[in-house]
Amino acid sequence: MDMQPIPAREGKHNLKDYHNARKNFDWEQVKRKFSWYETGKVNAAYETIDRHAENPSKKNQVALSYSAPDREEELTFEQLKNQSNQFANVLKKHGIEKGDRVFLFMPRSPEFYASFFGVLKVGAIAGPLFEAFMEQAVRDRLQDSEATMLITTPDLLYRVPQEDLPDLKKIVLVGDKVEASERYIDYFAEMKQASEDFAIEWVDLEDGMILHYTSGSTGKPKGVYHVHNAMIQHYATGEWVLDLQENDIYWCTADPGWVTGTSYGIFAPWLHGVTNVIRGGRFTPESWYGTVDKYNVTVWYTAPTALRKLVSAGEDVANQFDMSSLRHLLSVGEPLNPEVITWGVKALDLRIHDTWWMTETGAMLICNYPTMDIRPGSMGKPIPGVEASIVDNEGNELPPYQMGNLAIKKGWPSMMRAIWKNPGKYDSYFVNGWYVSGDSAYKDEDGYFWFQGRLDDVINTSGERVGPFEVESKLIEHEAVAEAGVIGKPDPERGEIIKAFITLNEGYEATDELLEDIRVFVKTGLSAHAAPREIEIKDTIPKTRSGKIMRRLLKSWELGLPTGDTSTLEE
Ligand code: 6R9
């Protein structure tokens, strides 16, 4: 992709530390920012919330600014500390101890965050689930983790197959009119009686904090196990990449069921003590723009799927809102199409900073910082303290421009520490000292990394390797195309042919001429071998709740194969 680099914009950002950080970098420098560096008493909940609540000049600052279609509420650092203390007392009363797994299955709400920190404060391991999960997805995760407690709402209880969950002893219900019993705990009633004082359970940096289940291409979802130590990298990337500053109003669109919604929806912003906007309900272009406008959001971390929807909503929608508060905009989860970056500069006068990482990596690894030139289509460079490379299947490093496995040298602070109850799976990620991501990419001569696809998504057509992302990006540059998902379809002659599924923008009709026009557009804009031989129009492109195009599912549909685990599919 030969687009002009977009230079860094000095002035808006906190550039002071970044260049220094890269020189002589040592994670020890970051550790000094935490109170445990001096006291030896570790708990991420303390660093995230209580430390600010104990600071007279910060305790009354709004920590959580919550809004949903039917509710608005603000909690200060002090209130969040007190409520999470109360909930920790409730947990303790009901027998929860260090190391126990406590799952949270409910929509984003102030109660979610108070409970989450309560779980950490007793030293237990939190397991956040998407509220949209149905019975099978809930069963798989609670069975595998052997969770003993679940926090949910009365509305969602019917999706919890209690008869299949022998370890699950207690259920906390967050709602009105709860009938409490030996098994069911009434959240609001017990909170009212609980003390606001709680002696935090101090843990070891290597003690468990979160289990995030994530779906692979085969088999059941796996439990990615993270420890308190991850806070070191949440803090550092909050500074260097999110560029968080004292008076920021920060908004991360991600649900805490996805790792982005915890690492960057909870830890990074609150470790830096900024006001965190949390929004419930469904998103539309109007509610995205409207949230930035209404709350004067300054830093926004979102995903390509949201940005693409803003692009296709058009200028009329954009013009209804004032986006001038935004200083810094970032994206994660899927490759960020160059077209979207160009749109950001034109429509918002902002660069969009792509960031690459995974559930398994716990925090950002390869990023576009405020301080560097963005090369549209590249996910950026490794953060300080992280070594990334492209390796072959034996873990040997490959030269620039050669496509291979994107790999990270083992040992960054937020790295997963295990796959729950599956040591063999954990070991299989590491080859020759490298963590091998399963993404294919290459590196250019200046050290920028360029994403090509999941290794299992890469298409081979007549011997040419084609990354679906490149074709999708070209497709959405066509004025009629809103979204695109591209797969390789087996073909006796060519090995695979490229098949594209697209949705159309308002006002376009699916005619043969239009489809041909789109095909020619890709052929002339990209290359003949990358032009889709087949294009099918859909109402929606299947995506995960974190916005990833589910090419695996498109492929299964196309081939009439079983669809496997679809628990993370967005309806
Ligand atoms: C944080 C998160 C990880 C996979 C990863 C890759 C894709 C994430 C990306 C990206 C291209 C980016 N991915 N960020 N691809 N550019 N900036 O997304 O975690 O849900 O575990 O997904 O997502 O394929 O391997 P997770």
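## Trp 270 and the nonpolar cores

In this predicted model, Trp 270 has many contacts beyond its neighbours within four places in sequence. Its partners are Glu 47, Thr 48, Ile 49, His 52, Ala 63, Leu 64, Phe 77, Leu 80, Tyr 113, Phe 117, Asn 276 and Ile 278. Trp 270 belongs to the largest nonpolar core, which has 131 residues. Together with Phe 116 and Tyr 301, Trp 270 touches the most other members of that core.

A second core is separate and holds 25 residues. Among them are Val 292, Tyr 295, Trp 300 and Leu 326. There is a general pattern behind such groups: in soluble globular proteins, nonpolar side chains tend to be buried together.

## Helix α6

Helix α6 covers residues 110-121, twelve in number. From its first C-alpha to its last, α6 reaches 17 Å. That is close to the 16 Å expected at 1.5 Å a residue.

How many of the twelve residues of α6 are buried? Twelve of the twelve are, so the helix is largely enclosed by the rest of the structure. The buried residues include aromatic ones: Phe 112, Tyr 113, Phe 116 and Phe 117. They also include Glu 111 and Lys 121. Two residues of α6, Tyr 113 and Phe 117, are in contact with Trp 270. After the helix comes Gly 123, whose phi is positive, near 85 degrees.

## Strands β3 and β4

Strand β3 spans residues 101-105 and is mostly covered, with five of its five residues buried. Its side chains point two ways. Arg 101, Phe 103 and Phe 105 point one way, while Val 102 and Leu 104 point the other way. Residues pointing either way are buried. In a regular strand the side chains alternate between the two faces of the sheet.

Strand β4, residues 125-129, pairs with β3 in the parallel sense. Five bridges link the two strands. In one of these, Phe 103 has Gly 127 of β4 as its bridge partner.

## Strands β25 and β26

Strand β25 runs over residues 481-491. Ten of its eleven residues are buried, so β25 is largely enclosed by the rest of the structure.

Is the pairing of β25 with β26 parallel or antiparallel? The two strands run antiparallel, joined by ten bridges. Gly 485 has Phe 501 in β26 as its bridge partner. A hairpin connects β25 to β26 through three residues.

## Salt bridges

The whole structure has 38 salt bridges. Side chains of opposite charge can pair when their charged atoms come close. Three pairs show how such links are placed.

Glu 246 and Lys 58 meet with 3.0 Å between N and O. This pair links distant parts of the chain, 188 residues apart. Glu 246 sits in the loop between α9 and β10, and Lys 58 in the loop between α4 and β1. Glu 246 is exposed, with a relative accessible area of 52%. Lys 58 is buried, at 6%.

Glu 182 and Lys 170 also form a salt bridge, at 3.9 Å from N to O. Glu 182 lies in the loop between β6 and β7 and Lys 170 lies in strand β6, so the pair ties together parts twelve residues apart in sequence. Glu 182 is exposed at 67%, whereas Lys 170 is buried at 16%.

In the third pair, Glu 558 and Lys 499 have their closest N and O atoms 2.9 Å apart. Glu 558 is in helix α18 and Lys 499 in strand β26, so parts 59 residues apart in sequence are tied together. Salt bridges that share partners join Glu 558 and Lys 499 into one network with Lys 489, Glu 534, Glu 536 and Lys 538. Lys 499 is buried, at 5% relative accessibility.

## Cysteines without disulfides

How many disulfides does the model have? The count is zero. Why is Cys 252 not bonded to Cys 367? The sulfur of Cys 367 is the closest cysteine sulfur to that of Cys 252, but the two are 14 Å apart, too far for a bond. The cut-off for a disulfide is 2.5 Å between sulfur atoms. Likewise, Cys 367 is in no disulfide, and its nearest cysteine sulfur is that of Cys 252.

Both cysteines are buried. Cys 252 has 5% relative accessibility, and Cys 367 has 0%.

Definitions and conventions:
Residues numbered from 1 in each chain as written. Predicted model: local features only at pLDDT ≥ 70, side-chain atom pairs only at ≥ 80, totals over all residues. Heavy atoms only, no water. Buried < 20%, exposed > 50% of the residue type's maximum accessible area, 1.4 Å probe, protein only. Salt bridge = Lys/Arg side-chain N within 4 Å of Asp/Glu carboxyl O. Helix = DSSP H or I, 4+ residues; strand = E, 2+ residues; numbered from the N terminus. Expected span 1.5 Å × (residues − 1). Core = buried A, V, L, I, M, F, W, Y, C linked by side-chain atoms within 4.5 Å. Contact = heavy atoms within 4.5 Å. Pairing = 2+ DSSP bridges.
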